[in-house]
Amino acid sequence: MMSTLPSKEGVKRLYRLLSTPKYEMIPLDNAHKGMKHLPKNSKVSISVSPSKGFATTLALAQELSDYIPAENITPHISARLTSSRQELEQKLKKVMDLGIKELFLVGGDRQDPLGPYKDSYDLLLAIREMGAPLRLGVTAYPEGHPLIPSEVLYADLLRKAPHADFMTTQLCFSAEGIDTWLRQVRQDGVNLPLQVGIAGAMDIIKLAKLAHGLAWGIL
């Protein structure tokens, strides 16, 4: 029987990946309690809530910068929650004033946009046109989406890829599915570095609720 154990080089690569994860924080009221437990040079992504808005995300990022370098923090910014070009410029200025170097762009959970940006592609182009010196990440869906057809997701990634710096998946549970999907996107010319979303250790019911909440409307 063939062995399924990884090679020595594979083990080394896996160790490097698992020893330098990017954590994701949700801007809840008690989010600050876990900050002091983060490793010194952690990388942290902070989601944006349609009810709390970007200001809460940015406030958490500012508080987090007391524990880890600001350049290791990646706030999420929502297209549909951005009401105007002026507001976008203000958001970018606040981000850069904190020393943050990277943003993750999402469409957002709001059905009707507050302003001119209907999805993350619009937001991506707008930020590039402004010339902000920021690394920009976009969403990827190896395991699909409950509301958006796979062909729409795929076409959206293909048009965003030339303007982005990295892509990040939703919570994924199938290594085979990720492998198949990644081989296909590489074949189609998407060479962006991939950050794979995986679940941490938690109660299965909480995990199901979290996965359900993160799955909606973030093109």
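**A tour around strand β6**

Begin by selecting strand β5, helix α5 (residues 150-160) and strand β6, which together make a right-handed β-α-β unit in what is a predicted model. Strand β5 covers residues 135-140 and runs parallel to β6, to which four bridges join it. To see one of these contacts, pick Ala-140, whose bridge partner in β6 is Thr-169.

Next, keep β6 in view and add helix α6 (residues 175-187) and strand β7, since β6, α6 and β7 also make a right-handed β-α-β unit. Here β6 and β7 run parallel and are joined by three bridges, and within this pairing Thr-168 of the structure stands opposite Gln-195 in β7. If you now colour β6 by accessibility, you should find the strand mostly covered, with six of its six residues buried.

Now select Phe-104 and Phe-166, which are both buried. The structure holds one aromatic pair, and it is formed by these two rings, whose centres are 6.5 Å apart and whose planes meet at 20°, so the pair counts as stacked. Because Phe-104 lies in strand β4 (residues 102-106) and Phe-166 in strand β6 (residues 166-171), the pair ties together parts that are 62 residues apart in sequence.

Finally, move to Val-196, which is placed in strand β7 (residues 194-197). Is this residue buried, or partly exposed? Val-196 has a relative accessible area of 38%, and is therefore partly exposed. Add Leu-14, Leu-18 and Ile-198 to the selection, and you have, with Val-196, a nonpolar patch on the surface whose members together show about 380 Å² of accessible area.

Terms used: Residues numbered from 1 in each chain as written. Predicted model: local features only at pLDDT ≥ 70, side-chain atom pairs only at ≥ 80, totals over all residues. Heavy atoms only, no water. Patch = residues over 30% accessible without salt bridge, like charges linked within 9 Å, V, L, I, M, F, W, Y side chains within 5 Å. Areas by Shrake-Rupley, 256 points an atom, 1.4 Å probe, with all protein chains shown as cover. Salt bridge = Lys/Arg side-chain N within 4 Å of Asp/Glu carboxyl O. Helix = DSSP H or I, 4+ residues; strand = E, 2+ residues; numbered from the N terminus. Buried < 20%, exposed > 50% of the residue type's maximum accessible area, 1.4 Å probe, protein only. Phe/Tyr/Trp six-rings, centres within 6.5 Å; stacked < 30°, edge-to-face > 60°. Pairing = 2+ DSSP bridges. Right-handed = clockwise from strand over helix to strand, strands pointing away.
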